[in-house]
Every structure is written in structure tokens, then in C-alpha cells.
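The following exercises are to be worked through with the sequence and the structure at hand. Each task is followed by a solution in steps.

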Amino acid sequence: MSVQLGEMPDSEGYFGEYGGQIIPPELKKIMDDINDSYEEVTRTAAFQEELTALYTDYVGRPSPLYYARRLSEKIGGARIYLKREDLNHTGAHKINHCLGEALLAKHMGKTKVLAETGAGQHGVALATACALVDIPCEIHMGEVDIKKEHPNVTKMKILGCTLVPVTRGTRTLKDAVDSAFEEYLKDPVSFFYAIGSVVGPHPFPKMVRDFQRIVGQEAREQFLAKEGCLPDTLLACVGGGSNAMGLFTAFLEDEHVAMIGVEPAGRGLDTPDHAATLTLGSKGALHGFKCYNLQDEAGEPLPVYSIASGLDYPAVGPQHCYLKDISRVRYVAVDDKACLDAFMTLSRLEGIIPALESAHAVAYAMQLAGEQSSDKSILINLSGRGDKDADFVAEHLGL
Ligand SMILES: *Cc1c(COP(=O)(O)O)cnc(C)c1O
């Protein structure tokens, strides 16, 4: 098993039966070019040095590994550690892969980087990376989301990206994807579509994972240095799955390290209002790759929901689908209520306000830690900070 996991995906971009390139032949050629450039450019010492220097001096890596003593003692079970991706520049793990993608686009001589954004997190991280790398950036965003996510919209404007408001359909994420993709198809040779997670056609699930694997590499070394052993369990929230793959990749061969991905159960798994793709989805294809997804009988994506907008995606990265099938990673779901409870608990016990996305992982850790003894350890990827969610939570809880 270990050899296979280390070598994934295969040359066609498959993780078992998942992934691949479910796209028109013209685009396949473009994706193959990106893959070739990626393999060539990122292997050079110059690219690695450039990226490593940015991770260190710009992002602020390595992010700390923090023992959450008060949280652990309050629960009275397993010890809980946080990998502090919330402390990165721009406040989340997304900057790790956005910098990698922007640099790659620049090295390939692309003239514009394009993407959609829902809540604006991917948009801000990408606009940041593009400002730094000096490449034009165009972000498509639904009008409804533009109204809702004002601070992120302002940041994107300040950072100098072109913001394209999307007025079609429901004027939310799905329409923004369609709009950005149409623009991309006008000149895919010159443009670069920067996918925001370990999803999309090959080579994106591989590339984004590789740009995120620094998280797990650091966490593994930091935990070993602190504790002299590896953690018993890793936990990360799963939307598309990039922060989880970033943490898990460095531990895939350590068979005694358990891994758990936490999906959003929203208002409950027995309601339509969730985005628990691996928990309740079925096999299909979406956005250019094969994966589990939440779809209707005709194979159309179902509307999904989570209190954490970064997690409401009806598909999930192909490597997660594979890791689920071989039972290397277990996937569970946490609802809005437990998420909010974890959000407040971490804030009040540790003075760390987590992103609502990350709070899903914290919520499951709190549950699991209570069932275990203090000789066990749980390492959570705290994927982002909760500044963006503070007003919403305060209003929601009537604070
Ligand atoms: C976008 C986002 C996520 C979800 O994306 P993944 O690709 O599943 O990691 C999780 N946490 C935060 C803070 C995010 O901004």
C-alpha cells in the first residue's frame, strides 16, 4: 500500500478510479502542458528556492505547532495540538498553493491568472500572490456574494485584481465558476486558471497537494521534536480537501497514525442542508474529474450548504475519495451547532478565534479527545483564522 500511495496519482492523473481529466480534447492538451511545465519548473533548484524563501519570509513559515493545554485539560482526555496555519499571511493555508500557482503561471509566461471565489478567501489569497509575483489577476464573484463578503471584496480591489461581478443565475459560487471558466476558454494558452483546492482536472489535485504538503512536513518534524514520537491522530476539515491533504501527505506511510477528515453536516445529515460529500455522496464526475459528489438522479450537482462557506462544495478531491475507499482516512461530519460551540470554546479557552471551517475539525477533536486518555495525542490543522467570521458569529449567537 505504501509504495502506491507515495506514487499517486498515475500518469493520467488517477488516484485509483478517481481524478483524471474529464474535459474536452483541446483542454486536455493545455492541462498536459501545465503538467509538463509543473514537473519541469518545480524540480529546478531556482523555483524551489524562490518558493521556500517566500514561505519563510513572506508567509511566515514554519507556522507554529501549539499544544492547546487549556482546551486539552478542560476536556480531560487526549492532548490536542494545533498546526497554526491561521497565523500565515492572509490568515489561512490557501496562500501556500496560491503562491505556488502564481509562480508557476509566471514561469510559464502566462498573461493572466483567473479564478472564481465564493466567500472571497481564495480570491484574496490569489490576488495577494499575484500582486507579489507581478501577474495580472481576474476574480469572478457572484453579486450576492459580493454584497455579503464586503471586507474581502475591498481587499481584492486594494490588491489590484480585476473583480468581475457575476449577474447570471443565482449570482453565487456556481455561476462564478461558469463565468470564470468561459473567460478562461477564450485563451487558455495565455491564461492560467488557478484552482482553489485539490480538485479539478489533472494536474491540479496533485499540484495543489504538493504546494500544501509543507504543512504536514513541518508538523511531522515539529511534533517529533516536541514529543519524540508521531501524533496518534490527525484531524482536518474537508471542503475540496487541500488543507487536509497538506497535513496528511507527510504521514500517509505511517500506518499507525490515524487520519480523520471532517466534513460539514450543516443543519443535519437528514436534511438537504449539508455538504458531506464523502459521507453521503455517490460516484460521479464534476468540474473535470471523477470523485464522490452530491448529485441528483440526473447527475446534476445538488445545492449544498454549510455555515462555513469554504466547505460548501458538492465535490471533493480525488485523493480523498481513494483514501476513503482503502480506509486509510476516515471521514466524519460535524454540524453547524457543534462547529459554533467549538468556535466559542477555542476562542475562550485559548484566545484563538478559528475560521468556521477549521472549527469543524476542532469540534470533532473535542469529541474524540473526550473518549481517549491523556497518553493519546490529536493534531489538528487549524486551517485559518476567524476574523472573517467574527461579526457573523456574534450576530448569530446574539453576543
Ligand atoms: C477554503 C478554506 C477551507 C476549505 O478548503 P480545503 O481545500 O478543503 O482545505 C478550509 N479552511 C479555511 C480557513 C479555508 O479558507
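**Exercise 1.** In this predicted model, determine how lysine 29 and aspartate 33 are placed relative to each other in helix α2, and state which contact their side chains form.

*Solution.*
Step 1. Helix α2 covers residues 25-41, and lysine 29 and aspartate 33 are four residues apart in it, so about one helical turn separates them.
Step 2. The cut-off for a salt bridge is a nitrogen-to-oxygen distance within 4 Å. The closest N and O atoms of lysine 29 and aspartate 33 are 3.1 Å apart, and the two residues form a salt bridge.
Step 3. Exposed means over 50% relative accessible area, and partly exposed lies between 20% and 50%. Lysine 29, at 52%, therefore counts as exposed. Aspartate 33, at 34%, counts as partly exposed.

**Exercise 2.** Identify the elements that the salt bridge between lysine 83 and glutamate 218 ties together, and decide whether these residues are buried or exposed.

*Solution.*
Step 1. The closest N and O atoms of lysine 83 and glutamate 218 are 2.7 Å apart, in a salt bridge.
Step 2. Lysine 83 belongs to strand β4 (residues 79-84) and glutamate 218 to helix α11 (residues 214-227), so the pair connects parts that are 135 residues apart in sequence.
Step 3. Both lysine 83 and glutamate 218 are buried.
Step 4. The pair also has partners: Arg61, Lys83, Glu85 and Glu218 are linked in a network of salt bridges.

**Exercise 3.** Carry out the analysis for lysine 112 and glutamate 138.

*Solution.*
Step 1. The side chains of lysine 112 and glutamate 138 meet in a salt bridge, with 2.8 Å from N to O.
Step 2. Lysine 112 is in strand β5 (residues 112-117) and glutamate 138 is in strand β6 (residues 137-142), so this salt bridge ties together parts that are 26 residues apart in sequence.
Step 3. Lysine 112 and glutamate 138 are both buried.
Step 4. For the whole model, the count comes to 22 salt bridges.

**Exercise 4.** Locate the cis peptide bonds that precede proline 9 and proline 62.

*Solution.*
Step 1. The peptide bond from methionine 8 to proline 9 is cis, with omega near 0°. Proline 9 is in the loop between α1 (2-6) and β1 (14-15).
Step 2. Arginine 61 and proline 62 are joined by a cis peptide bond with omega of about -5°. Proline 62 is in the loop between α3 (45-59) and β3 (65-67).

**Exercise 5.** Describe the backbone and surroundings of threonine 90 and histidine 287.

*Solution.*
Step 1. Threonine 90 is a residue other than glycine with a positive phi, near 75°. Its loop runs between β4 and α5 (94-107). At a relative accessible area of 28%, threonine 90 is partly exposed.
Step 2. Histidine 287 also has a positive phi, near 50°. The loop that holds histidine 287 is between β11 (282-286) and β12 (289-293). With a relative accessible area of 38%, histidine 287 is partly exposed.

**Exercise 6.** Assess how compact the protein chain is for its 399 residues.

*Solution.*
Step 1. The chain comes to 17 helices and 14 strands.
Step 2. Its radius of gyration is 20 Å, close to the 21 Å of the globule rule, so the chain is as compact as a globular protein of that length.
Step 3. Of the 399 residues, 59% count as buried.

Conventions: Residues are numbered from 1 along each chain as its sequence is written. This is a predicted model: local features need pLDDT of at least 70, side-chain atom pairs count only at pLDDT 80 or more; totals for chains, interfaces and linings use all residues. Side-chain values use heavy atoms; hydrogens and water are left out. Helices (H or I, at least four residues) and strands (E, at least two) are DSSP runs, numbered from the N terminus. Buried means under 20% relative accessible area, exposed over 50%, partly exposed in between (1.4 Å probe, protein chains only). The radius of gyration is taken over C-alpha atoms; the globule rule is 2.2 Å times the number of residues to the power 0.38.
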